[in-house]
Amino acid sequence: MRVDILTLFPDLFAHFLKESILGRAIKKELLDIQITNIRSFATGPHRTVDDRPYGGGDGMVLKPGPIYRALQSIERETGKSSVLLLSPQGRTFNQSAAWELSRKEHLILICGHYEGIDERIRTHCVDMELSIGDYVLSGGELAAMVVVDVVSRLVPNVLGGERSNLEDTFEDGLLEYPHFTRPKVFKDLEVPEVLLSGNHELIRVWRRTESLKRTLERRPDLLYKAKLTEEDRRILAQLQVEPRG
Ligand code: ADE
């Protein structure tokens, strides 16, 4: 999969693309991530990328020309791609949006800044606006990193021998069960006995119960959409009648 990121702050991506799972996937050529500085496509002696809004008001707006030329330059090389704009006004990004994006061959992510970008880019060049949550970041760069990180994990072979992404929180609509590793006792806190039992069936039921319990306590909204089995429903019925504490 190829991802192009259009930004005014290319340096922000340097470490992000070198480390961990993403760094390895790029080395293995499973992912090709290219960073483009929007300013390289600005004209004039000062390479201006923003200007005052027509109609007045505070803040600056990103000019359409540099972004348009950057998009054209990329698509001349790659052909037509899906163009995404990171913005707090977009569709909320979640795991199912990530699956959708992971099936594309090529994505172009535009990181907005200042008060926003010229509306004509949004209406004529952008296929989808994406928000990573109901808060306002100073720019789209952190949001682009979130999207690239989440989508990359779903690209075939990126996780390699590591834990399957199908076990991740949200993949079956539930939060994940708690994890423990050595030592057996840490600050007087013991690892649940069942995990030491070696009984795979008991462990499976314990994990599923913890997953359901956590989801019920923290995100009951997720239970409406989750893929629940008959066993899950029985466990939930027990959890809900058990007195707390
Ligand atoms: N740019 C500023 N805030 C954002 C958000 N919440 N999501 C995506 N892009 C943004």
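**Exercise 1. Two residues with positive phi**

Glu29 stands in the loop between helix H2 (20–27) and strand S2 (32–37); state what is unusual about the phi of Glu29, and do the same for Asn157.

*Solution.* The model is a predicted one, in which local features need pLDDT of at least 70 and side-chain atom pairs count only at pLDDT 80 or more, whereas totals for chains, interfaces and linings use all residues. Residues are numbered from 1 along each chain as its sequence is written, and side-chain values use heavy atoms, with hydrogens and water left out. Helices (H or I, at least four residues) and strands (E, at least two) are DSSP runs, numbered from the N terminus.

Step 1. Glu29 has phi near 60°, which is positive in a residue other than glycine.

Step 2. The accessibility of Glu29 is then considered: with 71% relative accessibility it counts as exposed. The classes are buried (under 20% relative accessible area), exposed (over 50%) and partly exposed (in between), with a 1.4 Å probe and protein chains only.

Step 3. For Asn157, phi is about 75°, again positive although the residue is not a glycine. Asn157 belongs to the loop between H6 and S9, and with a relative accessible area of 57% Asn157 is exposed.

**Exercise 2. A cis peptide bond**

Determine whether the peptide bond from Arg182 to Pro183 is cis or trans, and locate Pro183.

*Solution.* Step 1. Omega for the bond from Arg182 to Pro183 is near 10°, and the bond is cis.

Step 2. Pro183 is found in the loop between helix H6 (141–152) and strand S9 (185–186).

**Exercise 3. The surroundings of the ligand**

Identify the residues around the ligand and describe the backbone atoms that approach its nitrogen atoms.

*Solution.* Step 1. A residue counts as near the ligand if one of its heavy atoms lies within 4 Å of it. The residues around the ligand are Leu86, Ser87, Pro88, Leu130, Ser131, Ile132, Gly133, Tyr135, Val136, Leu137, Gly139 and Ala143.

Step 2. These residues are next related to the fold. Strands S5 (82–92) and S8 (128–131) each contribute at least two residues to the shell, and S5 gives the most, with three residues.

Step 3. The distances follow. A backbone N or O atom of Tyr135 is 2.8 Å from a nitrogen atom of the ligand. For Ile132, a backbone N or O atom is 3.0 Å from a ligand nitrogen atom, and for Leu137 the corresponding distance is also 3.0 Å.

Step 4. On its own the ligand has 260 Å² of accessible area, of which the protein covers 96%; such areas come from the Shrake-Rupley method with a 1.4 Å probe.

**Exercise 4. Buried and exposed positions in strands and helices**

For Thr7, Cys111, Arg207 and Tyr224, establish whether each is buried, partly exposed or exposed.

*Solution.* Step 1. Thr7 is part of strand S1 (residues 2–7). Its relative accessible area is 0%, and Thr7 is therefore buried. The side chain of Thr7 reaches the backbone nitrogen of Phe9 at 2.8 Å.

Step 2. Cys111 is part of strand S6 (residues 106–111). Cys111 is buried, its relative accessible area being 0%.

Step 3. Arg207 belongs to helix H7 (residues 200–218). With 32% relative accessibility, Arg207 counts as partly exposed.

Step 4. Tyr224 belongs to helix H8 (residues 220–225). Tyr224 has 76% relative accessibility and counts as exposed.

**Exercise 5. Separation in sequence and in space**

Set sequence separation beside C-alpha distance for the pairs Arg207 and Pro178, Tyr224 and Gly173, and Cys111 and Val241.

*Solution.* Step 1. Arg207 and Pro178 are 29 residues apart along the chain, and their C-alpha atoms are separated by 7.7 Å.

Step 2. Tyr224 and Gly173 are 51 residues apart in sequence, with a C-alpha to C-alpha distance of 9.1 Å.

Step 3. Cys111 and Val241 are 130 residues apart in sequence and 48 Å apart in space, C-alpha to C-alpha.

Notes:
Polar contact = N/O pair within 3.5 Å; in protein donor to acceptor, adjacent residues only side chain to side chain.
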